[in-house]
Amino acid sequence: LIPGLHEHKLYFSADVRLSVCKVCRERVGPKTGGYMAFQCKKCEGSRRMQGFSVCLQCYRKQLAKTDTSEGLLRGDKGPRAPVVYTPAMYLRRTIRLIRPFMGVSLLAVVCVTVTQLSRVFIPSYQGKVINALIP
């Protein structure tokens, strides 16, 4: 049930003929993604065109509009729930992504390590040099 679209529950129908989408006002058929639609069984009149029906395209659009929950990944096939990654999964994924650049990446890690170690140990050696020069 999509709030704001229709007050009753909509049911999927795989073979809909002589029906008009109440959202886009197109006849359900090739233009609307096929002869499939969501229809209301309570609003169905004596003729099918009087009932409430929504084509698949409009239903998907309305569903995407109402689903405003944060953290969903949206793609061509619709919204997907996010995958929860553990730290080990992040590490494996990072290694897989940097595999073509492994040499450059290792060089960068070595350079950063040497720089940080020198920032830690140089003040100690500077102090020893100054103490040796000044009696």
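Are F38 and Y59 buried or exposed? I looked them up and found both F38 and Y59 buried. I note here that the model is predicted.

**Overall fold**

I then stepped back to the whole chain. I count 3 helices and 5 strands in its secondary structure. Reading from the N terminus, I get the order β-β-β-α-β-β-α-α. The chain has 135 residues, and 20% of them count as buried. I looked up the exposed surface next. It comes to about 10,900 Å². Carbon and sulfur atoms supply 61% of that area. I also checked how far apart in sequence the contacts reach. Taking contacts between residues at least 6 apart, 48% join residues at least 24 apart.

**Aromatic pairs**

I searched for paired rings and got 3 aromatic pairs. I took F38 and Y59 up again here. Their ring centres lie 3.9 Å apart and their planes meet at 20°, so I log the pair as stacked; the cut-off for stacking is under 30 degrees. This pair links distant parts of the chain. F38 sits in strand β2, residues 37–40, and Y59 in helix α1, with their positions 21 residues apart in sequence. Which residues make up the aromatic cluster with F38 and Y59? I found F12 in it, so the cluster reads F12, F38 and Y59.

I turned to Y85 and Y90 next. They form an aromatic pair too, and I log it as tilted. The centre-to-centre distance is 5.2 Å, with 50° between the planes. I checked the exposure of each partner. Y85 has a relative accessible area of 31%, so I enter Y85 as partly exposed. Y90 stands at 48% relative accessibility, so Y90 is also partly exposed; exposed would need over 50%.

**L10 and its surroundings**

Where does L10 lie? I placed L10 in strand β1. Its relative accessible area is 16%, so I record L10 as buried, the limit being under 20%. I then listed what L10 touches, setting aside neighbours within four places in sequence. The contacts of L10 are L5, F38, Q39, C40, F52, V54 and Y59. F38 and Y59, the stacked pair, are thus both on that list. I also checked one backbone distance. The C-alpha atoms of L10 and C40 are 4.7 Å apart, while the two residues are 30 apart along the chain.

**Positive phi in the β1–β2 loop**

I scanned for positive phi outside glycine. L18 has phi near 55°. I found L18 in the loop between β1, residues 10–13, and β2. R25 has phi near 65°, again a positive value in a residue other than glycine. R25 is likewise found in the loop between β1 and β2. Is R25 buried or exposed? I find R25 exposed, because its relative accessible area is 61% and the limit is over 50%.

**Largest pocket**

I finished with the largest pocket. It holds about 170 Å³ of space. I found 10 residues lining it. R60, L63, A64, G78 and P79 lie nearest its centre. Three elements are named as giving two or more residues to the lining: α1 (56–66), β4 (73–75) and β5 (78–80). Which element gives the largest share? I found α1, with 3 residues. I sorted the lining by residue class last. It divides into 3 nonpolar, 2 polar and 5 charged residues.

Note on methods:
Residues are numbered from 1 along each chain as its sequence is written. This is a predicted model: local features need pLDDT of at least 70, side-chain atom pairs count only at pLDDT 80 or more; totals for chains, interfaces and linings use all residues. Side-chain values use heavy atoms; hydrogens and water are left out. On a 1 Å grid over the protein atoms alone, a cavity is a set of points where a 1.4 Å probe fits but cannot get out, and a pocket is an open set with protein on both sides within 12 Å along at least five of seven lines; lining residues have an atom within 4 Å of a point. Grid points are joined across faces, edges and corners, and a volume is the space filled by probe spheres set on the points. Helices (H or I, at least four residues) and strands (E, at least two) are DSSP runs, numbered from the N terminus. Ala, Val, Leu, Ile, Met, Phe, Trp, Tyr, Cys and Pro count as nonpolar, Asp, Glu, Lys and Arg as charged, and the others, Gly among them, as polar. Buried means under 20% relative accessible area, exposed over 50%, partly exposed in between (1.4 Å probe, protein chains only). Contact means heavy atoms within 4.5 Å. Accessible areas come from the Shrake-Rupley method with a 1.4 Å probe; for residues, only the protein chains shown count as cover. Rings of Phe, Tyr and Trp (its six-membered ring) pair if their centres lie within 6.5 Å; planes under 30 degrees apart count as stacked, over 60 as edge-to-face and the rest as tilted.
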